[in-house]
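Okay, thanks for coming, everyone. I'll put the structure up and then walk through the spots I'd like us to look at together.

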Amino acid sequence: MDKYKVLIGLEMHCEISKTNTKVFSSAENSYKEIPNTNVRPVDMAFPGTLPVVNKEAIRKSLMASIILGCEQPEYMYFERKNYYYPDLPKGFQITQETKPAPVGIYGELEFECGKENKKVRINNLHLEEDAASSDHYASYSTIDYNRAGVPLLELVTEPDLHNADEAVAFLETMRSIYQYADISEADSKKGQIRCDVNVSIMDSDLDEKDSSNWGTKIEIKNVNSFGGVRDAINYEIERQIAKKEDGTYDDMEQQTRRWDEESGKTIYMRSKVDAIDYKYFVEPNIPKFKIAKEWIEEIKKDIPKLARERKDIYKNEYGLSDYDATILVKEKDISDYFDQTIEENIDPKIASNWISSIILGHLNKNYLSVQDIFVTPKMLAQLIELVEGKKISSKQGKEVLYKALMEEKEPTKIVEEEDVRQIGDEDSIKQVVLEVLKEQPQAIVQYQSGRTNIVDFLVGQVMKKTRGKANPAMTRSMMIEEIEKR
Amino acid sequence: MAYMEKSIEEIHEALKNKEVTSKELIEESIQKSKEVQKKYNAFVSILEDVEEAEVTDHLLSAIPYGIKDNYSTKGILSTGSSNTLKDYIPFFTATAIENLNKKGAVAVNKTVMDEFGMGGTGTTGHTGIVKNPWDPSRMCAGSSAGSACAVATGVYPYATGSDTGDSIRKPAAYCGIVGYKPTYGMISRYGLFPFASSLDHCGVLTRSVKDAAIVVDAMKGIDKNDMTTWDSKDIHLYDSITGNVQGKKVCYIKELCDIKQYPNASEELKEHLKNFHQQLDLCKTIGIEVEEISIDSKLLNAIASTYVVISCAEATSNMSNLTGIIFGPRGEGDNYIDMMKDYRTKGFSPLIKRRFVIGSYVLQAQNKDRYFHNAQRVRRLLVDTWKELYKTYDAIILPVGSGPAKYLDGSLDMLNEDTAALEEHMQVGNFGGFPSITIPDGFINGLPVALNITGNCYDDENILNIAYALESNMNYKGQIAKEVNHG
């Protein structure tokens with residue numbers, strides 16, 4: 001492996017899921033299980049239909065462009081990429097070429113891989129429309145036009161990544177950015193993220209900055225999960241190294257391959273010489289329009305705090321550990337949940353404990369997202385307050401929270417209905433302690449003969465009588481005090 | 001005189017005075033449609049069971065009209081005169097037609113055109129050739145052939161057209177009527193089957209300038225479904241027609257209009273240009289200043305090829321939606337590629353296929369700069385040249401074509417390369433999106449000829465007013481085609 005250096009470039013397609021309508025169509029932009037329900041005439045290219053640009057999709061694309069440190073264009077254009085395929089109703093895709101400028105060009109992103117900071121140069125970021133989705137069966141195929149026209153951001157990196165870990169870490173960072181900036185749910189289960197991966201290897205003693213030293217670029221199309229990206233890269237590196245080792249590397253032509261998830265292999269599709277000529281030209285139905293400097297400034301101000309920024313706040317201002325902060329910012333929804341909980345005047349460390357131990361555990365166990373659960377940050381805050389105010393014990397608190405999550409009931413209601421409370425006043429506890437001692441004279445004898453752990457049994461009796469409501473620490477010390485008196 | 005041969009104002013007056021009902025007008029128009037269909041083959045569909053409309057204060061209410069078959073009409077067969085859409089019944093109506101219908105206009109037929117507008121002869125529609133009502137051995141020109149034929153024969157006072165090169169203005173000229181395409185984006189193209197989107201215009205064919213103004217007033221307007229439309233609510237074409245042209249300045253291009261430029265000129269061309277110069281004199285007598293200007297012939301001779309490159313490139317792409325998978329008769333084949341090929345091979349006429357090949361060729365990576373990008377550079381050059389003239393002149397006035405309608409049997413026409421620029425100059429109106437109107441300006445051997453007035457973008461009121469003044473001082477307003485015998 002050290003004999004060779006690996007160069008990896010990514011093309012990451014991410015659907016913009018957070019607009020009301022599609023990018024050039026007034027059809028709803030939402031993921032629907034029922035096929036062909038989010039469709040307008042333009043999505044099926046009925047004759048005479050025309051594209052109309054969704055301004056919000058442009059805004060979100062520009063925001064992504066700004067976050068990636070790209071240059072934004074002075075004028076926005078769209079272009080036609082012409083090719084025939086049944087899932088492409090118009091026979092062309094409206095997209096952006098690098099000339100004239102797309103929504104973003106020449107940026108750079110720093111990201112964490114393990115404990116290291118890495119940098120990747122962004123070649124360009126462009127906005128385009130998604131195609132329909134098709135399924136193929138033995139004797140027929142079906143086409144679902146729900147996806148046709150959904151806004152799609154395509155990000156193209158320079159080949160600055162060197163192994164599968166870096167590639168996946170970069171993709172995870174991008175997913176987090178899209179989620180935090182409210183651009184996309186970036187959910188690969190919904191097919192919202194798709195990647196093309198370019199892999200080449202070169203002798204490691206050569207200078208990587210000189211592109212003439214690079215090896216033959218192999219493009220792997222349609223890798224639809226991050227796990228797939230990792231496996232495809234690793235497979236491809238092995239494949240290419242094997243070619244170097246057996247001397248056939250130089251015969252390998254520049255080519256496009258496809259990732260076959262089932263066999264875990266990349267499979268040859270076509271050679272560079274058979275590359276499709278897409279016959280790009282400027283889309284005449286969308287007049288070029290000026291991107292005002294003021295608009296860019298406005299969008300800049302609207303960029304929400306991203307994961308890295310939030311993590312810094314959690315660590316430096318709230319005093320959370322790096323581990324806890326990392327867990328909380330991994331998903332934007334969790335981070336939002338945490339932020340909303342502490343807005344209710346809950347100590348961040350305490351909130352963090354409750355969320356990462358109980359809430360996240362519940363989500364992971366049941367494959368839920370935080371939006372799926374009944375307990376709101378406000379409800380959680382109310383419960384934490386009861387525990388902190390010693391109205392209930394922390395053990396009771398945890399039980400109530402589990403119950404609230406499972407039975408979808410407000411925690412405060414559970415506390416009220418089941419009379420969950422902690423008896424904390426000395427007189428009430430003392431009364432029960434005396435009662436128990438009266439009923440258990442032999443226990444006093446045993447204590448006096450040296451079996452001091454009989455106190456546990458006596459405290460248990462108090463708990464039984466109070467149905468767990470007595471403050472355990474107070475009960476214990478009072479019990480010892482009373483026995484000692486005798 | 002039949003009502004359908006009158007002007008829109010006159011018909012409206014008759015409706016208002018209850019001299020005639022909407023129903024009677026429809027009957028007259030349908031009856032006439034059938035006659036014209038039999039003689040000249042102008043229609044794809046005649047809508048016999050169309051319902052009458054209420055007479056309101058709107059000039060177009062309850063009056064029949066025709067729709068070129070490349071406008072999408074809900075529930076009504078819309079073929080674009082192509083076998084690829086021979087059974088296509090849309091479920092939405094083009095905005096321009098919706099706008100007319102809202103005013104109570106009554107569509108009575110869909111007119112034949114060159115397949116998808118890609119032709120200038122009126123002979124390539126899937127239902128056969130359209131004959132010229134002045135002389136059935138000649139063509140109407142195209143692509144709005146059926147619309148021109150129907151308006152010229154008095155089927156109704158107007159029909160919609162579309163114009164990518166001169167598809168409204170040339171057939172209007174050959175049929176002795178008025179053809180007007182307003183500034184690009186004044187009328188929504190939503191629902192118009194595209195040919196070349198950057199050149200396509202909606203417009204109208206009528207028998208008078210005023211009628212053209214009335215109809216386009218009703219068709220136009222900003223449309224949320226067409227990003228290239230603009231707000232024209234402050235433009236009132238009909239109301240702004242005064243006939244006062246004092247102080248207006250027009251120019252004509254020497255290289256196109258001077259008979260000395262054509263050493264092999266036919267008798268028809270000589271007469272056509274002579275007649276044109278007489279009309280220029282008329283301009284002067286009614287107060288319009290006329291000047292001759294000169295433009296490099298090289299630039300003028302590049303118009304036609306520039307048009308071919310750009311229009312074919314856009315057309316190839318625009319018609320890629322025609323695969324027979326979602327609509328149209330589905331092709332046969334073992335896989336989707338064979339299915340598409342089968343459908344397209346059977347569906348398109350040879351002329352269109354040739355244009356697709358040209359379009360693909362000029363967009364190919366290795367040819368794109370030489371052809372497509374150069375064509376766009378020349379387009380810009382031409383538009384800039386015209387715009388420069390508009391700084392001095394209200395309009396450019398030029399003869400349409402090299403004479404009257406050409407023979408359907410092409411071998412009878414004298415081929416003359418000298419006249420290429422004269423035949424194709426109206427395409428500059430599409431390059432620049434300029435408002436452009438053709439009006440009849442005389443007869444040669446009993447066949448109509450025409451002149452064209454083209455102005456700067458958004459200056460439609462001015463252009464129509466100049467056209468109106470000229471029309472009022474000539475004798476060809478409201479004329480109905482009569483077959484002539486000659487030779």
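So, to start: how does the lining of the largest cavity divide by class into nonpolar, polar and charged residues? Keep in mind as we go that this is a predicted model. The lining of that cavity has nine nonpolar, five polar and three charged residues. There's about 160 Å³ of space inside the largest cavity. Its lining has 17 residues, and the closest to the centre are Thr49(A), Lys90(A), Phe92(A), Pro194(B) and Asn318(B).

The structure holds seven cavities of 30 Å³ or more, and I'll take one other. The second largest cavity comes in at about 110 Å³. Among the residues lining the second largest cavity are Phe24(A), Val42(A), Asp43(A), Glu129(A) and Ala148(A). Lys90(A) and Phe92(A) line the second largest cavity too, and you just heard both names for the largest cavity. By class, the lining of this second one splits into six nonpolar, two polar and four charged.

Now the domains. Chain A is divided into domain 1, residues 4-296, domain 2, residues 305-417, and domain 3, residues 426-485. If you take the C-alpha centres of domain 2 and domain 3 of chain A, they sit 35 Å apart.

That sets up the next item, the second largest pocket. Where does the second largest pocket lie with respect to domain 1 and domain 2 of chain A? Both of those domains give residues to its lining, so the pocket lies between them. Its volume is about 1900 Å³. There are 50 lining residues, and Arg175(A), Gln179(A), Lys330(A), Glu331(A) and Lys332(A) lie nearest the centre. Several elements of chain A each give two or more residues to that lining, including strand 5 (104-113), helix 5 (307-316) and helix 8 (348-366). The largest share is from helix 2 of chain A, with seven residues. Sorted by class, the pocket lining has 23 charged, 17 nonpolar and ten polar residues.

Staying on chain A, have a look at helix 4, residues 293-302. Trp295(A), Ile296(A) and Ile299(A) are buried there. Seen down the axis of helix 4 of chain A, the buried residues fall within an arc of 100°, so they line one face of the helix. As a reminder, an α-helix has 3.6 residues a turn, so residues three or four places apart point the same way. On the other side of helix 4 of chain A, Lys293(A), Glu294(A) and Lys301(A) are exposed.

Over to chain B, and helix 10, residues 303-318. With 16 residues at 1.5 Å each, helix 10 of chain B should span 22 Å, and its end C-alpha atoms are 22 Å apart, so that agrees. Helix 10 of chain B is mostly covered, with 13 of its 16 residues buried.

Last, some backbone oddities in chain B. Lys18(B) has a positive phi of about 60° although it is not a glycine, and Asn41(B) likewise has a positive phi of about 60° without being a glycine. Lys18(B) is in the loop between helix 1 and helix 2 of chain B, while Asn41(B) is in the loop between helix 2 and strand 1 of chain B. Which of the two words, buried or exposed, fits Lys18(B)? At 72% relative accessibility, Lys18(B) counts as exposed. Asn41(B), on the other hand, is buried, with a relative accessible area of 18%.

And one for the peptide bonds: the one from Gly142(B) to Ser143(B) is cis, with omega near 10°. Ser143(B) is in the loop between strand 5 and helix 4 of chain B. Okay, that's my list, over to you.

Conventions: Residues are numbered from 1 along each chain as its sequence is written. Chains are lettered from A and ligands numbered from 1 in the order in which they are written. This is a predicted model: local features need pLDDT of at least 70, side-chain atom pairs count only at pLDDT 80 or more; totals for chains, interfaces and linings use all residues. Side-chain values use heavy atoms; hydrogens and water are left out. Helices (H or I, at least four residues) and strands (E, at least two) are DSSP runs, numbered from the N terminus. The expected span of a helix is 1.5 Å times one less than its number of residues. Buried means under 20% relative accessible area, exposed over 50%, partly exposed in between (1.4 Å probe, protein chains only). On a 1 Å grid over the protein atoms alone, a cavity is a set of points where a 1.4 Å probe fits but cannot get out, and a pocket is an open set with protein on both sides within 12 Å along at least five of seven lines; lining residues have an atom within 4 Å of a point. Grid points are joined across faces, edges and corners, and a volume is the space filled by probe spheres set on the points. Ala, Val, Leu, Ile, Met, Phe, Trp, Tyr, Cys and Pro count as nonpolar, Asp, Glu, Lys and Arg as charged, and the others, Gly among them, as polar. Domain bounds come from an automatic or database domain assignment. The arc is that of the directions from the helix axis to the C-beta atoms.
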